[in-house]
Amino acid sequence: MLKRLKQRLESILKGVEEELEEREAEALTTEEKPEKKEEEEGGKREKAKKEGKRIPILQIELTESLLDNVLWQIELAMLENNVAEEAASHICESVKEKLADRVVSRRDVGKLVKDAVREEIERLFELQEICIEDVIEKKKKEGKPALILFFGFNGAGKTTTMAKIAYMLLKKGYSVVFAAADTFRAASIEQLEEHARNLNIKVIKHRYGSDPAAVIFDAMKYAESKNIDVVLADTAGRSHADKNLLEELKKIVRVNKPDLRILVLEAIAGNDIIEQARRFEEAGVDGVILTKWDVDEKGGAAISAVYVLQKPILFVGTGQSYEDLEHFDKEKLLHEIVGR
Ligand SMILES: Nc1nc2c(ncn2[C@@H]2O[C@H](COP(=O)(O)OP(=O)(O)OP(=O)(O)O)[C@@H](O)[C@H]2O)c(=O)[nH]1
Ligand SMILES: [Mg+2]
């Protein structure tokens with residue numbers, strides 16, 4: 001997935017190391033009586049070796065211009081790999097702050113920069129995890145169904161993802177009902193009904209154009225009366241410029257008080273993910289599902305999403321069938337970006 005970013009990072013850092021090595025060699029040859037100095041250095045090193053001491057190597061200062069040069073290349077590599085500009089620049093700025101003015105061994109520069117990039121990305125992913133089953137179990141103890149709301153940009157994959165979650169929950173032995181709260185887009189209810197038929201799940205629906213909060217309210221009543229564990233509510237796709245639909249979403253959250261608010265984002269959204277996440281955050285987001293992870297061989301969207309929302313990614317969608325949903329593995333992602 002993120003192998004490309006990892007490879008880019010490695011080649012950037014290798015380039016910087018080689019450049020520093022060349023500069024060091026140049027500096028040595030332009031010094032006075034270099035042969036003598038080298039002889040002396042060599043003599044000292046030999047002696048140190050014999051005595052079992054560490055051999056000193058040249059130190060360099062991580063100046064602003066040196067760091068700017070390498071971090072600019074890293075920022076570009078991140079942008080090329082779908083990390084949104086704001087997130088990439090935040091990571092590189094933090095790395096710069098951390099490393100600026102340090103005097104280090106020339107041979108450690110690559111590793112230091114790599115470790116600092118890793119730490120900064122890792123820090124973004126230090127978030128309270130969410131487990132859907134825990135949320136459901138908690139409500140079950142109260143004798144109530146859990147309400148999970150799915151929302152996001154037009155075509156992000158909300159309905160498909162919700163069906164995948166239903167499939168997963170059914171396999172775990174939970175009972176599920178769908179609320180067809182996308183009353184806006186033509187054929188949305190039929191699309192959901194098709195998933196419901198495949199999965200043998202009941203759909204609670206009203207007419208197109210009706211109030212989605214009322215649909216969810218009815219679905220919750222139904223679930224409560226039938227002892228159903230979970231209501232999964234599909235909602236209409238919204239664009240971030242769509243003020244009315246965003247207000248409608250906020251109303252759903254206010255009225256229906258979902259136990260879990262899941263923002264569905266496309267991994268291929270690139271820079272736009274920042275804007276989407278910020279707008280939908282107005283309704284409140286508990287967790288994220290990133291879809292089309294299979295289409296995006298870059299994966300930077302995960303970094304952008306957690307950077308803006310500071311909420312965990314629960315799953316990634318990896319295809320169009322019901323099984324194509326994987327738990328998001330941040331360790332795997334970090335390993336793929338910067339290795340250990
Ligand atoms: N490759 C791939 N395709 C996906 C994934 N998730 C969803 N899709 C596809 O994306 C398209 C849109 O999916 P929907 O579930 O209808 O998206 P939506 O957000 O409900 O769309 P609207 O309700 O119109 O806003 C469909 O063709 C899905 O099959 C995924 O993880 N990988
Ligand atoms: Mg939909």
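The points below go through a predicted model of one protein with a bound ligand, from overall content to single residues.

1. Overall content. The protein has 340 residues, and 51% of them count as buried. Its secondary structure consists of 13 helices and 10 strands. Among contacts with a separation of 6 or more, 77% join residues 24 or more positions apart. The accessible surface is about 17000 Å², and carbon and sulfur atoms account for 47% of that area.

2. The largest nonpolar core. This core holds 115 residues. The members that touch the most other members are Ile74, Phe125, Ile132, Leu169, Phe178, Leu232 and Leu290. Helix α12, residues 301-309, supplies the largest share, eight residues. Both domain 1 (3-124) and domain 2 (132-338) give residues to the core, so the core lies between them.

3. Leu290 within the core. Leu290 is one of the members with the most partners there. Leaving out residues up to four places away in sequence, Leu290 touches Leu265, Glu266, Ala267, Ile273, Ala301, Ala302, Ile313, Phe315, Val316 and Gly317. Two residues on that list, Ala301 and Ala302, are also listed among the buried residues of α12.

4. Helix α12. Nine of the nine residues of α12 are buried, so the helix is largely enclosed by the rest of the structure. The buried residues are Ala301, Ala302, Ile303, Ser304, Ala305, Val306, Tyr307, Val308 and Leu309. An α-helix has 3.6 residues a turn, so residues three or four places apart point the same way. In α12, burial is not confined to one such set, because nine of its nine residues are buried.

5. The residue after α12. Gln310 follows the helix and has a positive phi, near 50 degrees, although Gln310 is not a glycine. Gln310 sits in the loop between α12 and β9 (313-317). Is Gln310 buried or exposed? Its relative accessible area is 55%, which is over the 50% cut-off, so Gln310 counts as exposed. The contrast is with the helix before it, where nine of nine residues are buried.

6. A second positive phi. Asn227 is likewise a residue other than glycine with a positive phi, near 60 degrees. Asn227 is placed in the loop between α9 (212-226) and β6 (230-235). With a relative accessible area of 66%, Asn227 is exposed.

7. Ligand 1. Around ligand 1 there are 20 residues, of which Lys158, Thr159, Thr160, Arg185 and Gln320 come nearest. Helix α7 (residues 158-171) gives the largest share of this shell, four residues. An oxygen atom of ligand 1 lies 2.7 Å from an N or O atom in the side chain of Arg185. Backbone polar atoms are also involved: one of Ala156 is 3.1 Å from a ligand oxygen, and one of Gly319 is 3.4 Å from a ligand oxygen. On its own, ligand 1 has 650 Å² of accessible area, and the protein covers 82% of that.

8. Lys172 and Glu133. Lys172 is in the loop between α7 and β4 (176-181). At 43% relative accessibility, Lys172 counts as partly exposed. Its side chain makes a polar contact of 2.8 Å with the side chain of Glu133. The two residues are 39 apart in sequence, and their C-alpha atoms are 9.0 Å apart in space.

9. Ala179. This residue is in strand β4 and is buried, with a relative accessible area of 0%. Beyond its neighbours within four places in sequence, Ala179 is in contact with Leu192, Ile204, Val215, Ile216, Ala219, Val231, Leu232, Ala233 and Asp234. Leu232, on that list, is also named among the core members that touch the most others. The C-alpha atoms of Ala179 and Ala213, 34 residues apart along the chain, are separated by 9.7 Å.

10. Ala88. This residue belongs to helix α4 (residues 85-99). Ala88 is buried, with a relative accessible area of 0%. Apart from neighbours within four places in sequence, its contacts are Glu75, Met78, Leu79 and Val83. The C-alpha atoms of Ala88 and Leu76, 12 residues apart along the chain, are 8.3 Å from each other.

Notes
Residues are numbered from 1 along each chain as its sequence is written. Chains are lettered from A and ligands numbered from 1 in the order in which they are written. This is a predicted model: local features need pLDDT of at least 70, side-chain atom pairs count only at pLDDT 80 or more; totals for chains, interfaces and linings use all residues. Side-chain values use heavy atoms; hydrogens and water are left out. A nonpolar core is a set of buried Ala, Val, Leu, Ile, Met, Phe, Trp, Tyr and Cys residues joined through side-chain atoms within 4.5 Å. Buried means under 20% relative accessible area, exposed over 50%, partly exposed in between (1.4 Å probe, protein chains only). Helices (H or I, at least four residues) and strands (E, at least two) are DSSP runs, numbered from the N terminus. Domain bounds come from an automatic or database domain assignment. Contact means heavy atoms within 4.5 Å. Accessible areas come from the Shrake-Rupley method with a 1.4 Å probe; for residues, only the protein chains shown count as cover. A residue is near a molecule or strand if one of its heavy atoms lies within 4 Å of it. A polar contact is a pair of N or O atoms within 3.5 Å; within protein, one must be able to donate a hydrogen and the other to accept it, and residues adjacent in sequence count only if both atoms are side-chain atoms.
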